[in-house]
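Colleague: I am new to this structure, and I would like a close look at a single part of it, the charged side chains and how they pair. Could you take me through that part step by step?

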Amino acid sequence: AFLCRTGGSFYIVHKPERLAELMCCMSAHGLEPKRLRFVASSAENAPSLALVEARRGGKAGLSIEPMLFIGSADWDKVYFRT
């Protein structure tokens, strides 16, 4: 937190399994989580990443963004044509 100015943004990519610990640690060090977005390879899979934006000295309030899907079921058909 000491690397950010007051009101400065801090971004982190983290594992969703440890999200509760991350949020508590950020708040304890003066970083208030503002935006949260999960990333998954497809709609059928569980999220594999959590993207978090925080502000130093920010007020309480967290917005949850829609999930980001980075793969598709026919990925190999599009890029690996035989």
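Modeller: A good place to start is Arg55, which forms a salt bridge with Glu53, the closest N and O atoms being 3.5 Å apart; a salt bridge here is a side-chain nitrogen of Lys or Arg within 4 Å of a carboxyl oxygen of Asp or Glu. This is a predicted model, in which local features need pLDDT of at least 70 and side-chain atom pairs count only at pLDDT 80 or more, while totals for chains, interfaces and linings use all residues. Residues are numbered from 1 along each chain as its sequence is written, and side-chain values use heavy atoms, with hydrogens and water left out.

Glu53 also forms a salt bridge with Arg35, where the closest N and O atoms are 2.6 Å apart. Because Glu53 lies in strand β3 and Arg35 in strand β2, this pair ties together parts that are 18 residues apart in sequence; strands are DSSP runs (E, at least two residues) numbered from the N terminus. Arg35, Glu53 and Arg55 are thus linked in a network of salt bridges.

As for their surroundings, Glu53 counts as buried at 8% relative accessibility, whereas Arg35, at 39%, counts as partly exposed, and Arg55 is partly exposed with a relative accessible area of 32%. Buried means under 20% relative accessible area, exposed over 50%, and partly exposed in between (1.4 Å probe, protein chains only).

A search of the whole structure finds three salt bridges, including one in which the side chains of Glu21 and Arg18 meet at 2.7 Å, N to O. Glu21 is partly exposed, with a relative accessible area of 47%, and Arg18 is partly exposed at 43%.

Methods: Helices (H or I, at least four residues) and strands (E, at least two) are DSSP runs, numbered from the N terminus.
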